[in-house]
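User: I should like to learn how to read several features of a protein model. Please give the general idea each time, and then the case at hand.

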Amino acid sequence: MDSELNVTYITFGGHVEVHKYRFLYFMIMFTAYILIICSNSTIVFLIVIHKNLHEPMYIFIAALLINSVLYSTAIYPKLLIDFLSEKQIISYSACLFQWFIYYSLGGSEFLLLSAMAYDRYVSICKPLQYPTIMRKSTVCMFLILAWILSVGQCSVTPILSAKKKLCNFILKGIVCNSTVHKLHCVPSRELNIYGLIVLVDLVLLPVLFILFTYTRILIITYRSSREVRRKAAQTCLPHLLVLINFSCLFTYDVLVIRLETVFPKTARLIMSLQMILYHPLFNPIIYGLKMKEIYKHLKRLFCKTV
C-alpha cells in the first residue's frame with residue numbers, strides 16, 4: 001500500500017482507446033517531438049553561428065526556443081513511455097518535478113517576451129540610445145532574471161505540495177499540470193493564495209507591461225513614416241502572435257481546475273495537446289518565417305542542403 005501512495009495514475013482518453021491506438025499515438029507524438037527538437041535547434045544554431053544575428057532581439061528569440069526544447073523534453077519522453085505501457089503511472093515526486101518544469105518554463109516565457117517587448121520599445125522609440133541601453137550586460141541580466149525569478153517562485157508550490165496528504169491517485173490529463181491539486185485530501189488555502197501571487201508576478205504583470213510597450217510603439221510609429229511603420233510591424237508582429245497564442249493556452253491551463261466539471265473530456269484533451277504540441281512548433285515557424293534575417297539564413301541553409 002505504501003508503494004502505491006507514491007504513484008499517481010494518469011488517464012489518457014480511456015484505457016481502451018490508448019491500448020487500441022497506442023502505437024499510432026506513439027508515432028505521431030514521437031514525430032512531433034523530433035520536429036520540435038529539430039526546428040527549434042536549427043534556428044538557435046543559426047543565431048549562434050551568424051554574427052549579424054548576435055543582437056538582443058535574436059538572443060531573446062534563441063532563449064525562447066531553448067525554452068521550447070526544455071519544455072518538450074520534460075514532457076515527451078514520459079508521454080512516449082506511457083503510450084507503450086499498459087498502465088500510465090508516475091511517482092508523485094516525479095509528477096511534482098514535471099509540474100515544476102512545466103510552470104517555471106511557462107513563467108520564464110512571459111518574462112522573456114517582456115524583455116523582447118522592452119528591446120523593441122527602445123529600438124523603435126529611442127533608437128539613438130539603443131546601443132547604450134541594450135548592452136550585452138543588460139541582455140544577460142534579463143536572461144538570468146527571466147529564468148531565476150520563474151524558477152524561484154515556482155519551486156515553492158511543489159515543495160509545499162510534497163507534504164500534502166493524497167486521497168486521490170488518478171490524475172485526469174496527460175501531464176502533471178494544475179490538476180495535481182485535485183489529488184490532495186484537503187484543498188490548501190495557502191497554495192491557492194501563493195499560486196495567485198505567482199500568477200500575477202509571472203503572467204499578469206508581464207502581459208500588462210508588454211501591452212503597454214506595444215501601445216507606446218503603436219502610438220509613436222503611427223506618427224512616423226510608412227517605412228518606420230513597416231519595420232515596426234515586421235519585428236513586433238511575430239512577438240505579439242506568440243504572446244497571444246501562449247496567453248490563450250496558459251489561461252485555459254490555469255482555469256482547468258475550475259472548468260473540469262463542465263468542460264468536455266475531448267475538448268480538454270485537445271487543449272492539453274495544444275500546450276505540448278502546437279505551441280513548441282508555433283514559435284520556430286513564426287520566427288523562422290516572419291523574421292526577415294532568420295528566414296534568409298534558413299533559406300540559404302536549405303538551399304545548400306538540397
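Analyst: A disulfide is counted here when a pair of cysteine sulfur atoms lies within 2.5 Å. This is a predicted model, in which local features need pLDDT of at least 70 and side-chain atom pairs count only at pLDDT 80 or more, whereas totals for chains, interfaces and linings use all residues. Residues are numbered from 1 along each chain as its sequence is written, and side-chain values use heavy atoms, with hydrogens and water left out.

User: Which cysteines form a disulfide?

Analyst: In general terms, a disulfide is a covalent bond between the sulfur atoms of two cysteines. Here the count comes to 1 disulfide. It joins Cys 95 and Cys 176, whose sulfur atoms are 2.0 Å apart. Distant parts of the chain are linked in this way: Cys 95 belongs to helix α4 (residues 92-125), while Cys 176 sits in the loop between β3 (170-172) and α8 (189-222), 81 residues apart. Helices (H or I, at least four residues) and strands (E, at least two) are DSSP runs, numbered from the N terminus. The torsion about the S-S bond of Cys 95 and Cys 176 is about -120 degrees, so the disulfide is left-handed.

User: Are Cys 95 and Cys 176 buried or exposed?

Analyst: Buried means under 20% relative accessible area, exposed over 50%, and partly exposed in between, with a 1.4 Å probe and protein chains only. Cys 95 and Cys 176 are both buried. Cys 154 is buried at 4% relative accessibility, whereas Cys 303, at 56%, is exposed.

User: How should I read the surroundings of a single residue, and what does Ser 161 touch?

Analyst: A contact means heavy atoms within 4.5 Å. Ser 161 lies in helix α7 (residues 156-161) and is buried, with a relative accessibility of 2%. Leaving aside residues up to four places away in sequence, Ser 161 touches Tyr 92, Leu 96, His 181, His 184 and Leu 191.

User: How many aromatic pairs are there in the whole structure?

Analyst: Rings of Phe, Tyr and Trp (its six-membered ring) pair if their centres lie within 6.5 Å; planes under 30 degrees apart count as stacked, over 60 as edge-to-face and the rest as tilted. The search of the whole structure finds 11 aromatic pairs. One of them is the tilted pair of Tyr 25 and Phe 83, at 5.8 Å centre to centre with 45 degrees between the planes. Tyr 25 lies in helix α2 (residues 15-49) and Phe 83 in helix α3 (residues 56-83), so this pair ties together parts 58 residues apart in sequence. Tyr 25 is partly exposed at 25%, but Phe 83 is buried at 2%.

The pair of Trp 99 and Tyr 103 is also tilted, because the ring centres are 4.8 Å apart and the planes stand at 50 degrees. These two residues are 4 residues apart in helix α4, which means a separation of about one helical turn. Trp 99 is buried at 9%, and Tyr 103 is buried at 9%. One aromatic cluster is formed by Tyr 71, Trp 99, Tyr 102 and Tyr 103.

User: How is empty space read, and which residues line the largest cavity?

Analyst: Rolling a probe the size of a water molecule over the atoms shows where empty space is left. On a 1 Å grid over the protein atoms alone, a cavity is a set of points where a 1.4 Å probe fits but cannot get out, and a pocket is an open set with protein on both sides within 12 Å along at least five of seven lines; lining residues have an atom within 4 Å of a point. The structure holds 3 cavities of 30 Å³ or more, and the largest has about 50 Å³ of space. Its lining consists of Asn 67, Ser 68, Tyr 71, Leu 105, Gly 106, Glu 109, Phe 246 and His 279. The elements giving two or more residues to this lining are α3 and α4.

User: Which residues lie nearest the centre of the largest pocket?

Analyst: The largest pocket has a volume of about 710 Å³, a volume being the space filled by probe spheres set on the grid points, which are joined across faces, edges and corners. Of its 26 lining residues, Ser 178, His 181, Asn 192, Gly 195 and Val 254 lie nearest the centre. Helix α8 gives the most to this lining, with 9 residues.
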